[in-house]
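Trainee: I would like to take a close look at a single part of this model, the hairpin and what surrounds it, and then see how other parts of the chain compare as places to practise reading a structure. Could you walk me through it slowly, in one connected answer?

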Amino acid sequence: MDPIVPPFVPVLLAALVLPFVGRRVGHALGVLATAAVVPYVWLVPEGTHLPAELFGFPVVLFNMDAFSQLMGLIFGFIGAAAVLYSYASDAENVQTAFALSYVASSLGAVFGGDWLSLLFFWELMAVTSTLLVWHHGGRAVRAGFRYALLHGVGGTLLMAAIVWHYVETGTFLFTDEGIVAGFPQLLAAIGIGVNVGFVGLHAWLPDTYPRPHIAASVFLCVYTTKTGVYGMYRAFPDGELAIAYMGGIMAVFGATYALFQNDMRRLLSYHIQSQVGYMVAGVGIGTALGQAGAMAHVFNHILYKGLLFMTAGVVIYRTGKESLKKLGGLGREMPVTAAAFTVAALSIAGFPGFNGFVSKGIVISASHYTFEKGPLAVGDFYTLELLLLIGGVGTFLSFIKFGYYAFLHGEYDGSVEDANRGQTVGMVLVAALCVFYGIFDGALFAILPFDVTTEAVVSHEYVTYTVGHVVEGLALAAIALVGFVLIKKPLAKYGGAVPDVDAVYNPAAFYGTRSLVVGVTELYAAVDRLAVAAARAATVGVARLGRGAVEVVGGREIEVRTDIRGGVLLVVAALVVALAVVL
């Protein structure tokens, strides 16, 4: 067998070298190391694996299958584009080194062939991404602590599920059944749910991603949540109804909250949750069509979401402003950035001709063909399908708002330059693929784990550009456009003021922890005061007792026989020792 090198190795080596070389050389190495992942995983045959040992257990550090290959292709490409963007956006070498270590750990997670390898890189991914956030300093530090805490909790729950799975099955290797059914699956769902942004577990996402350097946000928006979707598939390869509906709820919830945001990167962060909802829904549906749609949306989302964070980053880089309320009219000043944003916005909204239209359509079709009509069904639409369509309208609304206030409405006060050469190259490369995979959908279908065009593989052959699909896409856009006109004034008045769940659990955790610490401290002080008072009282009482018999020796009195006083002292000493041991 030819020697096999897991794809995370060259990326990790580049991360280790980068702090010790110049910016240009270091970032060039980063681009080469991440870009090399693309042809490497494309050429390695499916079924190739690398057995190894980790913590004394047999593992598979590298396993090539259709799911891992798709993840490797897009992780490598967007990693290279993000490193180029980092260089052009004045990111320091150390920051890009943290980013590359984050990319490497994500690659390790998606190419591991067993739960132990995935968990090891999963936790390493949390550590490296936290370091990437912290490096920026300022407001990013506190957000990074909350980020690390939540991902620590999620990782612990996933670890518990994996240990339970091992006890039940005797192996860490992936199986066709996923995590063993029952409580372990519940633990895994919640643990992975932190990474993918289940509603209620999601607040770390819009809290963290707007805080660090603009180039760091490009990396962050890609790897954690998409590795989570991959992990969700491994845990539930046959799907799960509750997870499918959670995906539908995520799609609506994230799009709704995004609509109220004025901070550009916070708006985009909520839309990560919304779009990941489509992927989670596809995994939960569990059919070949649903899972193919989930992975297609992973691939496409990484492209257009990375591009959206790039365009927002350029606006911040050139203007120093993050709020849509402080911008306007930038389309005339920054035509390249405005054009890249338009491509990304139409892609994420699922407009015909762009890549999001292709992958969203697969997931929505899978939801239509799979489930019985529920209580929310309207006409021919099913409950989950209806949730995904509502999420689509919300997405259109959010990006009409973003584009209108950033690039169209009003005039920008002062002159501003467009993206520099490096930023432009990175954005154009990603935008070109958003259009390419939207027009040539067969190129996307060719890398999916299931052939969605063959009824022998999927229950219903999928065709992207049918009259029904195109009309549906155009109808969602039209509804959103009319809706924006109607809600623009009230939205401007109340934008950004809607609290999320962290408005409850952040202060609850802070004051609850403080109360616990103060309570324990005060209890200890009270017990200490009681013990001191008891000892003082005992000492005084003993002092009042009579003395034992004495004998004069050499002019000095020596006690030769004690009385009750000695016994009392011994008892008190024993009680004090016992109390100290108990406390």
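**A hairpin and its aromatic neighbours**

Mentor: Let us begin with a group of rings, keeping in mind that this is a predicted model: Phe8, Phe55, Phe120 and Phe121 together make up one aromatic cluster. Among these, Phe55 is the residue to follow, since it leads us straight to the hairpin. Phe55 sits in the loop that joins strand E1 (49-54) to strand E2 (57-63), and these two strands, E1 and E2, pair in the antiparallel sense over 6 bridges. To see one place where the strands meet, find Glu53, whose bridge partner in E2 is Pro58. The hairpin has 2 residues between its strands, and there Phe55 takes a positive phi near 55°; the point to notice is that this positive value occurs in a residue other than glycine. Is Phe55 buried or exposed? Its relative accessibility is 58%, and because exposed begins over 50%, Phe55 counts as exposed. Phe55 is therefore exposed, and it is also a member of the aromatic cluster with Phe8, Phe120 and Phe121.

A positive phi in a residue other than glycine is also found at Asp90, where the angle is near 65°. Asp90 likewise has its place in a loop, the one between helix H4 (66-88) and helix H5 (93-111). With a relative accessible area of 48%, Asp90 is partly exposed.

Returning to the aromatic rings, you will find that the structure holds 32 aromatic pairs. One of them is formed by Tyr404 and Tyr405, which meet edge-to-face, with 5.0 Å from centre to centre and 80° between the planes. The two residues of this pair fall into separate classes of exposure: Tyr404 is partly exposed, with a relative accessible area of 22%, whereas Tyr405 is buried, with a relative accessible area of 18%. The cut-off between these classes is 20%, so the values fall on either side of it.

On the surface, look next at the nonpolar patch of about 490 Å² made by Leu12, Leu13, Leu16, Val17, Val25 and Leu29. Helix H1 (8-17) and helix H2 (23-35) each supply at least two of its residues, and the largest share, 4 residues, comes from H1. Leu13 is a useful example from this patch, as it has its place in helix H1 and is partly exposed, with a relative accessible area of 47%.

Finally, consider Pro352, which lies in the loop between helix H15 (335-349) and helix H16 (355-370). At 16% relative accessibility, Pro352 counts as buried. Leaving aside its neighbours within four places in sequence, Pro352 is in contact with Phe357, Tyr465, Val470, Gly473 and Leu474. Pro352 and Thr464 also show how sequence and space can be read side by side, for they are 112 residues apart in sequence and 9.2 Å apart in space, taken from C-alpha to C-alpha. If you set the loops beside one another, Phe55 is exposed, Asp90 is partly exposed and Pro352 is buried.

Notes. Residues numbered from 1 in each chain as written. Predicted model: local features only at pLDDT ≥ 70, side-chain atom pairs only at ≥ 80, totals over all residues. Heavy atoms only, no water. Phe/Tyr/Trp six-rings, centres within 6.5 Å; stacked < 30°, edge-to-face > 60°. Buried < 20%, exposed > 50% of the residue type's maximum accessible area, 1.4 Å probe, protein only. Patch = residues over 30% accessible without salt bridge, like charges linked within 9 Å, V, L, I, M, F, W, Y side chains within 5 Å. Areas by Shrake-Rupley, 256 points an atom, 1.4 Å probe, with all protein chains shown as cover. Salt bridge = Lys/Arg side-chain N within 4 Å of Asp/Glu carboxyl O. Pairing = 2+ DSSP bridges. Contact = heavy atoms within 4.5 Å.
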